[in-house]
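The following paragraphs lead through a single chain, moving between its sheet, its interior and one selected residue. Please keep the sequence and the structure in view while reading.

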Amino acid sequence: MTSIQPATHDPGPRIWVDADACPVVIKEILFRAAQRTRISVTLVANQFIQVPRSPFIKTLQVGSGYDVADNEIVRRISSGDLVITADIPLAAEVLDKAGQALNPRGELYTRDTIRQRLQMRDFMDTLRASGVDTGGPPALSQGDRQAFANQLDRWLQRNAGA
């Protein structure tokens, strides 16, 4: 006698956010997109993050420590999921798992660009380790926010029917 397994619900692609360093304005864009498209957005951080009440917006608080949130995101993502992060090594791991990674400034990381970005990151780390002040990234501009929103909309149209 064979048993019939209940159908499993495929949630479809999801959005994961490396939330500890994600700018508030980018989170707000994601919250509106989650409500509009009914796509799951999960913010992963090692601290409490306030989010709107919504069945589509979740938080996942992880323990403190180096790369704990990044490792949890990599562990949980599925092929086709989108990860919002400015962390280049995390973006590389996401691409290795057939996910997609989008920088809060609107840069969609690809196989072609990630190697160059990793090399530049390593070069800047070497400069900083030798005492060179490399400065930080510029403040998020209106153009950056628009570029992010445009890339997110393109991803949503392909993956959530938005």
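In this predicted model, strands β2 and β3 (residues 57-61) run parallel and are joined by five bridges, and within this pairing Val41 has Ile57 of β3 as its bridge partner. Toward β1 (residues 15-18), β2 is again parallel, here with four bridges, and Val17 finds its bridge partner in Leu43 of β2. The connection between these two strands passes from β1 through helix α1 (residues 24-37) to β2, a β-α-β crossover that is right-handed.

How many of the residues of strand β2 are buried? The strand spans residues 41-45, and five of its five residues are buried, so that β2 can be described as mostly covered. Val41, Leu43 and Ala45 point one way from the strand, whereas Thr42 and Val44 point the other way, and the residues of both groups are buried.

These pairings belong to an open sheet of six strands, whose order is β3-β2-β1-β4-β5-β6 and whose pairing is mixed. Because β3 and β6 (108-109) stand at the edges and each have a single partner strand, one side of each is left without a neighbour in the sheet. As a general point, the strands of a sheet pair through backbone hydrogen bonds, in either a parallel or an antiparallel manner. Read along the chain from the N terminus, the elements follow the order β-α-β-β-α-β-α-β-β-α-α, which amounts to five helices and six strands.

From the sheet we turn to the interior. The largest nonpolar core contains 26 residues, and those with the most contacts inside it are Ile15, Val17, Leu30, Leu43, Ile84 and Leu152. At least two residues of this core are supplied by each of β1, α1, β2, β4 and α5 (142-159), and the largest share, six residues, comes from α1. Leu152 is in contact, once its neighbours within four places in sequence are left aside, with Ile15, Ile29, Leu30, Ala33, Leu82 and Leu102. A second, separate core has 18 residues, among them Val62, Val83, Ala91 and Ile114. In soluble globular proteins, nonpolar side chains tend to be buried together.

A residue that merits separate attention is Asp81, which is placed in the loop between α2 (68-76) and β4 (82-84). Is Asp81 buried or exposed? Its relative accessibility is 1%, and therefore Asp81 counts as buried, the cut-off for this class being under 20%. When neighbours within four places in sequence are left aside, Asp81 is in contact with Gly12, Pro13, Arg14, Trp16, Gly99, Gln100 and Trp155. For Arg14 there is a further detail, in that its backbone nitrogen lies 3.0 Å from a polar atom of the Asp81 side chain. The C-alpha atom of Asp81 is also separated by 8.8 Å from that of Val94, a residue 13 positions apart from Asp81 along the chain.

Some totals place these details within the chain as a whole. Of its 162 residues, 38% count as buried, and its accessible surface comes to about 9,700 Å², with 52% of this area belonging to carbon and sulfur atoms. Among the contacts in the chain with a separation of 6 or more, 51% are accounted for by residues 24 or more positions apart.

Conventions: Residues are numbered from 1 along each chain as its sequence is written. This is a predicted model: local features need pLDDT of at least 70, side-chain atom pairs count only at pLDDT 80 or more; totals for chains, interfaces and linings use all residues. Side-chain values use heavy atoms; hydrogens and water are left out. Buried means under 20% relative accessible area, exposed over 50%, partly exposed in between (1.4 Å probe, protein chains only). Contact means heavy atoms within 4.5 Å. A polar contact is a pair of N or O atoms within 3.5 Å; within protein, one must be able to donate a hydrogen and the other to accept it, and residues adjacent in sequence count only if both atoms are side-chain atoms. Two strands pair if DSSP finds at least two bridges between them. A crossover is right-handed if, with the strands pointing away from the viewer, the path from the first strand over the helix to the second runs clockwise. A nonpolar core is a set of buried Ala, Val, Leu, Ile, Met, Phe, Trp, Tyr and Cys residues joined through side-chain atoms within 4.5 Å. Accessible areas come from the Shrake-Rupley method with a 1.4 Å probe; for residues, only the protein chains shown count as cover.
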